[in-house]
Structure formats: structure tokens, C-alpha cells
Amino acid sequence: MAKILSLFIIATSLLAFAPILCLSSKTNYYGYLYPQFYDWSCPNAKEIVKSIVAKAVAREARMAASLLRLHFHDCFVKGCDASLLLDSSGTIISEKLSNTNRNSARGFEVIDEIKSALEMECPQTVSCADILALAARDSTVLAGGPSWEVPLGRRDSRDASISGSNNNIPAPNNTFNTILTKFNLKGLDLVDLVALSGSHTIGNARCTSFKQRLYNQSGNNLPDYTLDQSYAAQLSTMCPKFGGDQNLFFLDYVTPTKFDNNYYKNLLASRGLLNSDQILVTKNQATLELVKLYAENNEIFFEQFAKSMVKMGNISPLTGYKGEIRKNCRYMN
């Protein structure tokens, strides 16, 4: 009897630890994401990503914004599944060729370097989708922004959607209602919209993405009346009416490489670069109040940005047996 009781206690103990034992698996059987996903299967994964991102940002400060943007542009198409990273091949037309990404999305070689290092450390274990999520967090921190625990366990898609990339990602010239609808369709709300727009505290935009504000905002050959006139005059010297489309401009001209709340202060001064930024102040009272709050309190902005990034990172991930773990982020296995 004592022997049977002893065996029962051992069996019960093993059951209690079953979830922990399962964590070492390369497959996300649970169907949800959690930060410890690679703690057993690839314990150095986070450090490897962090190290390579740090070197890339040290070489070029702009890279922090570029890597953060890749995560956005991946998640908004059909979920955070690294579809953005696929090159055109066979039946796949790469999302890199979409209007939103062409001559704009960058940092792919940094993701390649991270993937290569991870494949040497733990072959076919860490997904490209998770690399994008980790790199976005690490880039934010390196630029002086908030940190957060990144839920992990995403798998990689076996397809891409150039139409989704063209239609689902909020564009600089979209109306307020269009942008909010695009956020809502991904399970994100008005608070997420204002907080995540704060990522424009770092990075650059091309002349072509705001040129209409300088010369023909409403089809009447007049500039955008919501844009500060002296700021518009400065912009027009490098963004002429004809030509110069690829010229780069800081999204936040005050602290262009520092992740802070100056972006919101610029909006209140009518000095948001993109139309999609400035409409947060001019088109909706609730978003205006949030802009004021974040402009006044950097800590509240940081806290909400971190929450909204986790929420965005949870958009339709592939888990379990869906998708795959790519060996090379540019191609299906």
C-alpha cells in the first residue's frame, strides 16, 4: 500500500510539472504566446537578437526605427507571421514590392544576420516572426524608449499578401476614419492608435509621403492649413513641388533619434510631418486629449506604448502546427 501511495505521489508531481516540461518543445502546443517560449530550446536566443540589433543601431542610428517599422508592417497584413520577409519566388509576390514598402522598408539584412546566428546556435527553432518582435523591442530600448517582455512562440507563414500590404497598412494620406478602421480590424483601439503612432518619434519619411501637404492638400493647389507655415517653408526647400521624392526628413525634427514624447509636442505645435500624424490633433477630440496627455507625461506614453506593442504583437499569430520555422527568413523551407 505504501508503495502504491508513493508511486501516486510521484505521478502527481510529474503532472504538476508537465506544463513546464512542455516549454522545451519547439512547437507551441498551447496556441498562445509567452516570453519563456525559448528558455529551454534556445536559451541564448534573446541575447543573440539583442547583440546583433545593438551592433546594427550603433552603425546607423536610423536602423532602430527601420526594425521597429518592420514589425508593424508585418503584423498589419495578415498577422505577425513574417510574411513581409519573404522574397518573390514561385507563386509568391513579395510584400516588399507593395506601395507601402517599396523603396522604403529596410533592415532586412539585419534580420538575415540574426537568423543566421540563431540557426548556428539552435537550428530551425526560433521563428522569423519572433525575431521581428524581439528586434522591435530591442530597437525601442536602444533608442531610449520603454522595454517590455515579448510574448514568443509565433511561427512563420508559407505565403505573402501584396494586396494585404497595399490595403491593410495605414498610409500617410489616409483619412482619420480609414486609419482607425484599419486598427480596429486588427483588434486595436483608439488608444493603441495614438500610442503606436508615437513610434514616429524616431525615423525618417520620404518627401513623397507628405509632399501634398506642402502644395496641394485638398486638390485646390493650396498647402495644408493645419501645417505650421514656417515649418512648411523649411520642408519645401528640400521637398520641391517637382522632384526630390526620395529625399529623407526626420519624423521628429527635435530629437530625431531619441525615443521620447517630443513627437506629441510637435503635433500640438502643428509640426507633425505626415498627414496621418497631424490628424490625431485635428480630426478627433479623444485622440487630441491623448496627444496632450502623452505630450505632458512621457512615463504614461512609455507605459501605454509597451502595452500596445504587446497587443499588436498578438495579432493572429501562427501557433501549434500552423506555418513553419523557416531556415532562411527570405524563403519557405
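A residue counts as buried when its relative accessible area is under 20%, as exposed when it is over 50%, and as partly exposed in between. The exercises below apply this to a predicted model.

**Exercise 1. Classify Y231 and Y253 by accessibility, and describe the aromatic pair that they form.**

Step 1. Y231 has a relative accessible area of 2%, so this residue is buried.
Step 2. Y253 has a relative accessibility of 33% and therefore counts as partly exposed.
Step 3. A pair of aromatic rings is described by the distance of the centres and the angle of the planes. For Y231 and Y253, the centres are 5.2 Å apart and the planes stand at 35 degrees. Planes under 30 degrees apart would count as stacked and over 60 as edge-to-face, so this pair is tilted.
Step 4. Y231 belongs to helix α10 (residues 229-238), whereas Y253 lies in the loop between β2 (248-250) and α11 (262-268); the pair therefore ties together parts 22 residues apart in sequence.

**Exercise 2. Determine the geometry of the pair Y294 and F301, and place both residues in their aromatic surroundings.**

Step 1. The ring centres are 5.9 Å apart and the planes meet at 45 degrees, so the pair is tilted.
Step 2. Y294 is buried at 2% relative accessibility, and F301 is buried at 0%.
Step 3. Both residues belong to one aromatic cluster, which also holds W148, F259, Y263, Y264, F302 and F305.
Step 4. Y264, a member of that cluster, touches Y294 and F301 as well as V194, A195, S197, G198, V291 and A295, with residues up to four places away in sequence not counted.

**Exercise 3. Establish where V194 lies and which residues surround V194.**

Step 1. V194 is found in helix α8 and is buried, with a relative accessible area of 0%.
Step 2. Leaving aside neighbours within four places in sequence, V194 is in contact with Y264, L280, T287, L290, V291 and Y294.
Step 3. One of these contacts, L290, is 96 residues away from V194 in sequence, yet the C-alpha atoms are 7.0 Å apart in space.

**Exercise 4. Decide whether the buried residues of α7 line one face of the helix or are scattered around the axis.**

Step 1. In α7 (residues 176-185), the buried residues are F176, I179, L180, K182 and F183.
Step 2. Viewed down the axis of α7, these residues fall within an arc of 155 degrees, so they line one face.
Step 3. On the other side of α7, N177 and L185 are exposed.
Step 4. The cover over the buried residues includes α3, α6 (162-168), α8 (190-197), α12 (275-282) and α13 (285-296).
Step 5. After α7 comes G187, which has a positive phi near 80 degrees.

**Exercise 5. Characterise the surroundings of H73, where UniProt places an "active site" in an unreviewed entry.**

Step 1. H73 lies in helix α3 (residues 63-78).
Step 2. With a relative accessible area of 8%, H73 is buried.
Step 3. Beyond neighbours within four places in sequence, H73 is in contact with L84, T100, N101 and I169.

**Exercise 6. Which residues have the most contacts inside the largest nonpolar core, and which helix gives the most to this core?**

Step 1. The largest nonpolar core has 76 residues, and those with the most contacts inside it are I111, L118, Y264, M309 and M312.
Step 2. Helix α3 gives the most to this core, with 10 residues.
Step 3. Another core, of 14 residues, lies apart from the largest one and has C207, L227, C239 and L251 among its members.

Conventions: Residues numbered from 1 in each chain as written. Predicted model: local features only at pLDDT ≥ 70, side-chain atom pairs only at ≥ 80, totals over all residues. Heavy atoms only, no water. UniProt positions renumbered as here; feature names shortened; annotations may be inferred. Helix = DSSP H or I, 4+ residues; strand = E, 2+ residues; numbered from the N terminus. Buried < 20%, exposed > 50% of the residue type's maximum accessible area, 1.4 Å probe, protein only. Contact = heavy atoms within 4.5 Å. Arc of directions from axis to C-beta. Phe/Tyr/Trp six-rings, centres within 6.5 Å; stacked < 30°, edge-to-face > 60°. Core = buried A, V, L, I, M, F, W, Y, C linked by side-chain atoms within 4.5 Å.
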